[in-house]
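Biologist: I have a structure open and would like to learn how to read it. Could we go through it together, one question at a time?

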Amino acid sequence: METTPGDDRLWPGRVRLALLATRKVEALMSARTAEPVASPDAGRRDWEPLPRRSDRPGRLRRRLPGPGSDPSGGNRPVEGEGLGAGKGPVAGEGRSDGRGRSGGQGPSVRARWGLRVASVLFPLALWAAASSAELVDPTFLPSPLAVLEAFAEMLGTGQLLDDTLASLGRVGAGFGLAVLISVPLGVAMGTSAVALALLEPVVGLLRYMPAAAFIPLLIIWLGLGEPSKIAILVLGVVFFNTLMVADAVRRVPGELGQAAATLGARRGEILRKVTWPYALPAVVDAGRINAAAAWNFVVVAELIAAESGLGYRIVRAQRFLQTDKIFAVLIVIGVVGLLIDVALRVLRDRLGRWVV
């Protein structure tokens, strides 16, 4: 009789195969359980200990070869290598060995300060030598001693202090307004293609127009008072600062915003918590550069119908051919500008500690 696949005469063979498979699995399981389980720490005793970090983050100490180790050091991390190899120093931290980002040997801290002092003393020495040799008429090139005496005279009468405070007040007002206008515009241009297409042609056109060319119009529109002087400062800073802020915002890596969006952040939160903190040090650095332009424009603004300020003091000294006072005021302008630059650098470094 023919059999079908479901015939009962085929069941004994199937049962025999199932029993053989079961015995095979049991034999494998018994052989595996019979093997001793290795300890998690087995074999780790021979491992070389991890290198210790030194007091300076990102640098590894050089370890002396121990007994049984390779005297040549092998592939051990040495000083200046390891986790920070191939990367620049940590933000806000310099190298104590005098090497820069390029890895070359540079001057020490003491040598750098010596070069800075020499860069100031050398021009002063040339100036003193030229004036003492009377190569130039003292009326046109006064000696450093005469300039120092003029500085002491203006400081004693209080004129120099009053003029410096007046110029600083104008710079603070003009530069502050320029920052309040340029930062929002720059952020909008850096984050929105629509704002970039709308504002970039106008800003790019106006920034090539010198602010001094607007002086006649500003006098006609605003008069000879303080508003026209502050407007010159705003026009001289706002357009350049807008483009620099926009460039700083565009340099923020797009991966940061994408990662924040993946975690559920909205567009406003990405701008407030990701884009702005990353771009803030570059924004402050742009303001530091344009603060020098504002300090220069205040002198230009004070040359016209002013009654106080360092620019006014220069014009007044020119009328009486007092070149020693002109030199003294110029030195004050340079020193105050340098102090503003240093203050903004410190602010940038404190706000951008996380930026490498």
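**Surface patch and core**

Modeller: Gladly! Keep in mind that this is a predicted model. Let's start on the outside: Val117, Val120, Leu121 and Leu124 make a nonpolar surface patch of about 330 Å².

Biologist: Is Leu124 of that patch buried, partly exposed or exposed?

Modeller: Leu124 is found in helix H2. Buried would need under 20% relative accessible area, and exposed over 50%. Leu124 has 38% relative accessibility, so it counts as partly exposed.

Biologist: Now for the inside. Which helix gives the most residues to the largest nonpolar core?

Modeller: That core has 31 residues, and Trp295 and Ile333 are among those with the most contacts inside it. The elements giving two or more residues include H2, H4, H9 and H11. The one that gives the most, with seven residues, is H11.

Biologist: Which glycine is in contact with Trp295, leaving aside neighbours within four places in sequence?

Modeller: Leaving those neighbours aside, the contacts of Trp295 include Leu168, Val171, Leu310 and Ile333. The list also holds Ser167, Val336 and the glycine you asked for, Gly337.

Biologist: How many of the 10 residues of H10 are buried?

Modeller: Those buried in H10 include Leu310, Tyr312 and Ile314. What covers the buried residues includes H3, H4, H9 and H11. H10 is largely enclosed by the rest of the structure, because its buried residues number seven.

Biologist: What phi does Leu321 take?

Modeller: Look just after H10, where you will find Leu321. Its phi is positive, at about 55°.

Terms used: Residues numbered from 1 in each chain as written. Predicted model: local features only at pLDDT ≥ 70, side-chain atom pairs only at ≥ 80, totals over all residues. Heavy atoms only, no water. Core = buried A, V, L, I, M, F, W, Y, C linked by side-chain atoms within 4.5 Å. Buried < 20%, exposed > 50% of the residue type's maximum accessible area, 1.4 Å probe, protein only. Helix = DSSP H or I, 4+ residues; strand = E, 2+ residues; numbered from the N terminus. Contact = heavy atoms within 4.5 Å. Patch = residues over 30% accessible without salt bridge, like charges linked within 9 Å, V, L, I, M, F, W, Y side chains within 5 Å. Areas by Shrake-Rupley, 256 points an atom, 1.4 Å probe, with all protein chains shown as cover. Salt bridge = Lys/Arg side-chain N within 4 Å of Asp/Glu carboxyl O.
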